[in-house]
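Please find below a short note for a colleague who is meeting this structure for the first time. It is best read with the sequence and the structure open alongside.

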Amino acid sequence: MTLIPELTILQPDDKEHIDLPRTLEDELAVGKKRLYIESYGCQMNFADSEIVAAVMRNAGYATTSSADEADVIFLNTCAIRDNAEQKVRHRLKHLTGLKRQKPELLVGMLGCMAERLKTKLLEEEKVVDIVAGPDAYRDIPKLVEEAESGQKAVNVFLSREETYADISPIRLNSNGVTAFVSIMRGCDNMCSFCVVPFTRGRERSRDPFSIVREAQDLFDQGYREVTLLGQNVDSYKWEGVVLGARTGPPGGEERGEEDASATPHRRAAPSSLLTPNTNITTFAHLLEMVAQIHPDLRVRFSTSHPKDITDDVLHTMARYDNICNYIHLPAQSGNSRVLKLMNRTYDRPWYIGKIDRIREILGEDCGISTDMISGFCTETEDEHQDSLSLMDYVHYDYAYMFAYSERPGTLAAKKYADDIPEDVKKRRLNEIIARQLTHSAARNQRHIGQVQRVLIEGTSKRSDDFLCGRNDQNKMVVFPKGNHQKGQYVNVLVTECTSATLRGEVVNA
Ligand code: SAM
Ligand code: SF4
């Protein structure tokens, strides 16, 4: 069998986990300096680049989609696996050539790799002028100024408060229909394999009203789907004063007689969901608040942690048609001993219990996806078989699958030997991938003959005569164009499928 390094089963247009650089749109920019950003890694990084673009626009920069035209180039980096970092190092080599032709060009490293390596990056990569960690983006114009004066500029301070709540992101490479909204930053879990707690700092949640306002603004601009983003959305918790609440948590009274309906972006947390006698907004509350913006605004979220997802969240999903019937619930492994070593804080029976609960409350049709790691430290063949059998139990719709990559500084790197040979990791990964392909195909087959509500995202990549969009379960659906438009909902009768895509025809708009 051919070994496939890190195949991911996902929809062709899926933005998550695609390591393709994402660039900025060109803007009208007579006389302005030009910024070019490439983002690597996860959706959070993509959302962060939109914050950086906003900060830089305020500082007088326009964006460009061509590195050759730029005065400043930022790489927003990922450190989750070694190959993500190698990709960026390779890109820096190319930028070294560019800088040779244009010595005044500034190159900045942002994001997780910048945070992990800090000033070491400046020593190792001479082309780099600026290093900014994920909580230092407000400081970027100052860092650029410093670099312009010939100094190397670094800010890798990690904050306990920064959420960029007040910054309106500039939507980059947007389809105008779907957008990411960051609801929290950092992570307090210490999964032993993971570098994120070290690169993104402590978990903090963003003011719910700034989230609702952003989602409302997106809806007003014509967007029809928001994905609420966080490393662990189920531990979202806001204890601040709730401004603008007519019913609900203490704090609403602060606005006195003012009618909250006069400021439509400020909504009260639904009283049915409020934690009694507290002003705590949970993720279930937040979901409901965003879902109430408009029935035509679809709400998705990612990522859920099995230890934290609650029945409240599942019941809220069940109550609102516009909260998509899809949960990304990474298992990482199907074996309880390995899960313990990974410090995931749940075991196999707990995870299976959560899956059963999802099926009870949301039904068999709820889309479920996972992340799986093959060849974690000391994993035996039998334990690997447990991952496969868990996949057989759940029948995931999608999976993001990785061979374990030891990350310096993590608990696993300190405590356990990375003792599974690369070829074994790869072989196990291929077995996981093969199993997932059969499950994805079987799950997609279930839709044949069904009518699916699809939000049109644009033209199919394969042909201008076809449109594509996602169904509730996040599956890409392709169908003949007819007179339909991006941003509309249509009902599509599914007639055929592959393991990645559903195909069909519109039965009514
Ligand atoms: N917060 C999310 C969660 O807990 O599921 C995951 C965030 S992480 C950016 C995305 C995925 O990368 C993880 O779920 C895990 O499967 C994978 N990952 C993280 N560290 C890894 C490592 N050292 N080697 C291989 N895969 C890793
Ligand atoms: Fe990493 Fe675990 Fe946090 Fe996810 S929950 S970001 S895997 S430490």
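The points below treat one strand with its neighbours, and then one pair of helices.

1. As a caution at the outset, the model is a predicted one, and the remarks that follow should be read with that in mind.

2. Strand 3, which covers residues 72-77, is mostly covered, with six of its six residues buried. The burial applies to both faces of the strand, since Val-72, Phe-74 and Asn-76 are buried on one side, while Ile-73, Leu-75 and Thr-77 are buried on the other.

3. Strand 3 pairs in the parallel sense with strand 1 (residues 33-39), and this pairing extends over five bridges; within it, Tyr-36 has Ile-73 of strand 3 as its bridge partner. Strand 3 also runs parallel to strand 4 (residues 106-110), to which five bridges join it, and here Asn-76 stands opposite Leu-110 of strand 4.

4. Turning to the helices, the axes of helix 7 (residues 208-220) and helix 8 (residues 283-291) come within 9 Å of each other and cross at roughly 30°. Because angles under 35 degrees count as roughly parallel, helix 7 is described as roughly parallel to helix 8. The crossing in which helix 7 passes helix 8 is right-handed.

5. Which residues make the contact between these two helices? Helix 7 contributes Pro-208, Phe-209, Ile-211, Val-212 and Ala-215, and helix 8 contributes Leu-286, Met-289 and Val-290. By class, the residues of this contact of helix 7 with helix 8 comprise eight nonpolar, no polar and no charged.

How values were computed
Residues are numbered from 1 along each chain as its sequence is written. Chains are lettered from A and ligands numbered from 1 in the order in which they are written. This is a predicted model: local features need pLDDT of at least 70, side-chain atom pairs count only at pLDDT 80 or more; totals for chains, interfaces and linings use all residues. Side-chain values use heavy atoms; hydrogens and water are left out. Axes are lines fitted to C-alpha atoms, for helices over the stretch in contact, and angles run from 0 to 180 degrees between N-to-C directions. Helices (H or I, at least four residues) and strands (E, at least two) are DSSP runs, numbered from the N terminus. Angles under 35 degrees count as roughly parallel, over 145 as roughly antiparallel, 65 to 115 as roughly perpendicular and the rest as oblique. A crossing is left-handed if the near helix is turned anticlockwise from the far one by less than a right angle, and right-handed if clockwise. Contact means heavy atoms within 4.5 Å. Ala, Val, Leu, Ile, Met, Phe, Trp, Tyr, Cys and Pro count as nonpolar, Asp, Glu, Lys and Arg as charged, and the others, Gly among them, as polar. Buried means under 20% relative accessible area, exposed over 50%, partly exposed in between (1.4 Å probe, protein chains only). Two strands pair if DSSP finds at least two bridges between them.
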